[in-house]
Amino acid sequence: MSSPAKSIPMLDLTLQHRRLRAELDAVIAEVVASGRYILGPNVEAFEREVAEFLGAREAVAVASGTDALHLALRAAGVGDGDEVITTCFSFIATATAIRFAGAQPVFVDIDPSTYNLDPEAVQQAITPATRAVLPVHLYGQPAHMGRLQALCNQHGLVLIEDCAQSFGATRGGQMTGTFGDAGCFSFFPTKNLGGMGDGGLVVTNSPKLARHLRKLRNHGSELSGFHDELGYNSRLDELQAAVLRVKLLHVQAFNDERRTIAAHYTRLLAQSAVTAPFEDPEGVHVYHQYTVLSEDRDGAMGRLQEAGVGCAIHYGRPIPHQPLFAGEGPLPSLPVAERIARQCLCLPIYPGLESGDIARVAQLLVHR
Ligand SMILES: *Cc1c(COP(=O)(O)O)cnc(C)c1O
């Protein structure tokens, strides 16, 4: 009898960390020895290095991706009574951050090929109360930034990008996060650039916005002991910054590896019953997730699980259908997102995933 095939988890971060072990151990030991743990030299250096990597003038590190969105909205002046048009198909934090800022999320349907915010739908949702547009570069694929920028310019709206899944992704050669007034990143450990705890970042080309963000993240204080605004405690710590500085040096190679894995999957799945993700030729997708569509998702998940292969559903329902946002009335009709929510299935993709693993995962999906 042959031994059972090894299991393939949805995500294994130890593979990536094993490669960087010596570098990570060294910088962590340095921080421990330094006695500086909050807003020290590593945060400062990381902000400089990540701003340069992304091609932004300023970078402000904060405690999470959710805080990055919340504080960016606040710093941009979005608040009570304002409407923010956003995608109905994302992680919940895209929408809760809008609520934290005191504004009202207005959810619109997505583009059926990229699953990103549909600029047509955004245009139709603009009202006199609209203050901002908040696209997400879902799964690591850049949204239609040119058209969104044009709409925002035309209507005088703030444009804030949720780049939690798109670190290093580009469109027309330009990094996501640098198209709008602010770009918001998450360093949650599973993201393409992930720390060993929570973390986030806002990039902007506006020194004024950056200054306001530095104040908001630090108790509303610019000058020690002087507080003239309700601020927050939302800082990246030195340990995370030190880890992220190491990983920033490798993120391009890790993203390339994700793209190679994705291309391999897409080749193998060409004749299968599932639909491989569409790659918009105008952008470089960094495959935070590799997401297929399956008309028999339960069957596909069953076969993967039986074979010890991990998979996940991101996301199983549009955000406005979550009880938190659904309210009392009938659920809004979002035909594209509802179909994607029923059919989407994310497959294992991460640096260190081997080609034999990719072949085995694909094999389970090729036969019905
Ligand atoms: C992860 C994520 C966030 C939130 O980031 P945290 O660091 O977990 O707060 C926001 N938006 C999207 C699209 C995400 O994937």
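**Contacts, fold and a few residues**

Trainee: In the protein chain, what share of the contacts with a separation of 6 or more comes from residues 24 or more positions apart?
Mentor: The model is a predicted one. A contact here means heavy atoms within 4.5 Å. Counting contacts in the protein chain with a separation of 6 or more, the part owed to residues 24 or more positions apart is 70%.

Trainee: How many helices and strands does the protein chain have?
Mentor: Both kinds of element occur in the protein chain. The secondary structure comes to 13 helices and 14 strands.

Trainee: What radius of gyration does the protein chain have, and how does that fit a compact globule?
Mentor: The C-alpha trace spans about 70 × 55 × 40 Å along its principal axes. For 368 residues, a compact globule would have a radius of gyration near 21 Å. The protein chain agrees with that, because its own value is 21 Å.

Trainee: What percentage of the 368 residues count as buried?
Mentor: To count as buried, a residue must have under 20% relative accessible area. Of the 368 residues of the protein chain, the part that meets this is 54%.

Trainee: How much of the exposed area of the protein chain do carbon and sulfur atoms supply?
Mentor: The protein chain exposes about 15,800 Å². Of that area, carbon and sulfur atoms supply 52%.

Trainee: How far apart are the mean positions of the positive and negative charges?
Mentor: The protein chain has 31 positive and 39 negative charges. The mean position of each group was computed, and the two are apart by 2 Å.

Trainee: Why is Cys-311 not bonded to the closest cysteine sulfur, and which residue holds that sulfur?
Mentor: A disulfide needs two cysteine sulfur atoms within 2.5 Å, and the count for this model comes to 0 disulfides. The closest cysteine sulfur is 8.9 Å from that of Cys-311, so it is too far for a bond. The residue that holds it is Cys-346.

Trainee: Which cysteine has the sulfur nearest to that of Cys-346?
Mentor: Cys-346 counts as buried, because its relative accessibility is 0%. Cys-346 is in no disulfide, and the nearest cysteine sulfur is 5.8 Å away. That sulfur belongs to Cys-344.

Trainee: Is Gly-183 buried or exposed?
Mentor: Gly-183 is found in strand 8, residues 182-186. Leaving out residues up to four places away in sequence, Gly-183 touches Glu-161, Cys-163, Gly-177, Leu-201, Val-202 and Val-203. Its relative accessibility is 0%, so Gly-183 counts as buried.

Trainee: What is the C-alpha to C-alpha distance between Gly-183 and Glu-161?
Mentor: In sequence, Gly-183 and Glu-161 are 22 residues apart. In space, C-alpha to C-alpha, they are apart by 4.7 Å.

Trainee: Where is Tyr-315, and what is the omega of the peptide bond from His-314 to Tyr-315?
Mentor: Tyr-315 is found in the loop between helix 10 (297-306) and helix 11 (323-326). The peptide bond from His-314 to Tyr-315 is cis, with omega near 15°.

Trainee: What phi does Tyr-115 have?
Mentor: Tyr-115 is found in the loop between strand 3 (104-108) and helix 5 (119-125). Because its relative accessibility is 6%, Tyr-115 counts as buried. Although Tyr-115 is not a glycine, its phi is positive, at about 65°.

Trainee: What is the relative accessible area of Tyr-139?
Mentor: Tyr-139 is found in the loop between strand 4 (130-134) and helix 6 (145-155). Tyr-139 is not a glycine, yet has a positive phi of about 65°. Tyr-139 is buried, because its relative accessible area is 3%.

Key
Residues are numbered from 1 along each chain as its sequence is written. This is a predicted model: local features need pLDDT of at least 70, side-chain atom pairs count only at pLDDT 80 or more; totals for chains, interfaces and linings use all residues. Side-chain values use heavy atoms; hydrogens and water are left out. Helices (H or I, at least four residues) and strands (E, at least two) are DSSP runs, numbered from the N terminus. The radius of gyration is taken over C-alpha atoms; the globule rule is 2.2 Å times the number of residues to the power 0.38. Buried means under 20% relative accessible area, exposed over 50%, partly exposed in between (1.4 Å probe, protein chains only). Accessible areas come from the Shrake-Rupley method with a 1.4 Å probe; for residues, only the protein chains shown count as cover. Lys and Arg count as positive and Asp and Glu as negative; His and the chain ends are not counted. The place of a charge is taken as NZ of Lys, CZ of Arg, CG of Asp or CD of Glu.
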